[in-house]
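Thank you all for making the time this morning. I would like to walk through one model with you, going from one region of the surface to another and then stepping back to the chain as a whole.

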Amino acid sequence: MFNDIGPLELVTLIVLAVLVFGPDKLPKVIQDVMRTVRKIREFSESAKADIRSELGPEFKDFEFEDLNPKTFIRKQLDNDELGLKELRNGFDLKKEMAEVTDAVHSRDTDTAASGSSSSSPSSSPSGGGRVDMTKKPEEPGKDDRPPFDADAT
């Protein structure tokens, strides 16, 4: 119930309770609060039992926690009928990424090896099959018009 309350917060609540109710009345207040919590739990359990009895025998394994969307989805994904566990267990992300990395590196080294074997890097202006992206385009002459794109205007 109080899973997210830390020790410092708990001490602060106790000190505030002692200051507000006083050390004399504090045990009586704690008893009253606990009695109220028990009554609320009993009321909740009886309401759940009434709902289960009204739903009938086809909903005998119905749990109210399943109404939470996260719990419902988790329960459906863990269901063996869909075969998702086999898919999840059969898929190894690290292995797949290693295969992709190996394929990319082997293809990159294959193209570099084939480019260097067919022509020497000094005879190729692009430097071993690589494209020089730092080249500036040639400037048009004075009489050359820039290309015209009818769709751009």
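Let me begin with Glu96, which has a relative accessibility of 32% and therefore counts as partly exposed. Please keep in mind throughout that what you see is a predicted model. Glu96 sits in helix H4, the helix that spans residues 93–118. Which residues gather with Glu96 in a patch of negative charge on the surface? They are Asp92, Glu99 and Asp102, which together with Glu96 make up that patch. Membership in such a patch requires over 30% relative accessible area and no salt bridge, and Glu96, at 32%, is on the accessible side of that cut-off.

I turn next to helix H1, which covers residues 7–55 and contains Leu16. Leu16 has a relative accessible area of 46%, so this side chain is classed as partly exposed. On the surface, Leu16 is joined by Val11, Val15, Leu19, Val20 and Phe21 in a nonpolar patch, and the accessible area of these residues together is about 590 Å².

Staying with helix H1, we come to the salt bridges, and the count here comes to 2. Which residue forms a salt bridge with Lys28, with the closest N and O atoms 3.4 Å apart? That residue is Asp32, and Asp32 also forms a salt bridge with Arg35, where the closest N and O atoms are 3.1 Å apart. Lys28, Asp32 and Arg35 are thus linked in a network of salt bridges.

The spacing along the helix is worth following on the structure. Asp32 and Lys28 are 4 residues apart in helix H1, about one turn of the helix, while Asp32 and Arg35, likewise both in helix H1, are 3 residues apart, which is again given as about one turn. As for their exposure, Asp32 counts as partly exposed because its relative accessibility is 29%, Lys28 is partly exposed at 47%, and Arg35 is partly exposed at 40%.

Finally, let me step back to the whole protein chain. Its secondary structure comes to 4 helices and 0 strands, so that, with runs numbered from the N terminus, the pattern read along the sequence is α-α-α-α. How many of the residues are buried, as a percentage of the 153 in the protein chain? The value is 5%, where buried means under 20% relative accessible area. The accessible surface of the protein chain comes to about 14400 Å², and carbon and sulfur atoms account for 60% of that surface.

Notes: Residues numbered from 1 in each chain as written. Predicted model: local features only at pLDDT ≥ 70, side-chain atom pairs only at ≥ 80, totals over all residues. Heavy atoms only, no water. Patch = residues over 30% accessible without salt bridge, like charges linked within 9 Å, V, L, I, M, F, W, Y side chains within 5 Å. Areas by Shrake-Rupley, 256 points an atom, 1.4 Å probe, with all protein chains shown as cover. Salt bridge = Lys/Arg side-chain N within 4 Å of Asp/Glu carboxyl O. Helix = DSSP H or I, 4+ residues; strand = E, 2+ residues; numbered from the N terminus. Buried < 20%, exposed > 50% of the residue type's maximum accessible area, 1.4 Å probe, protein only. Lys, Arg positive; Asp, Glu negative; His and termini not counted. Charge placed at Lys NZ, Arg CZ, Asp CG, Glu CD.
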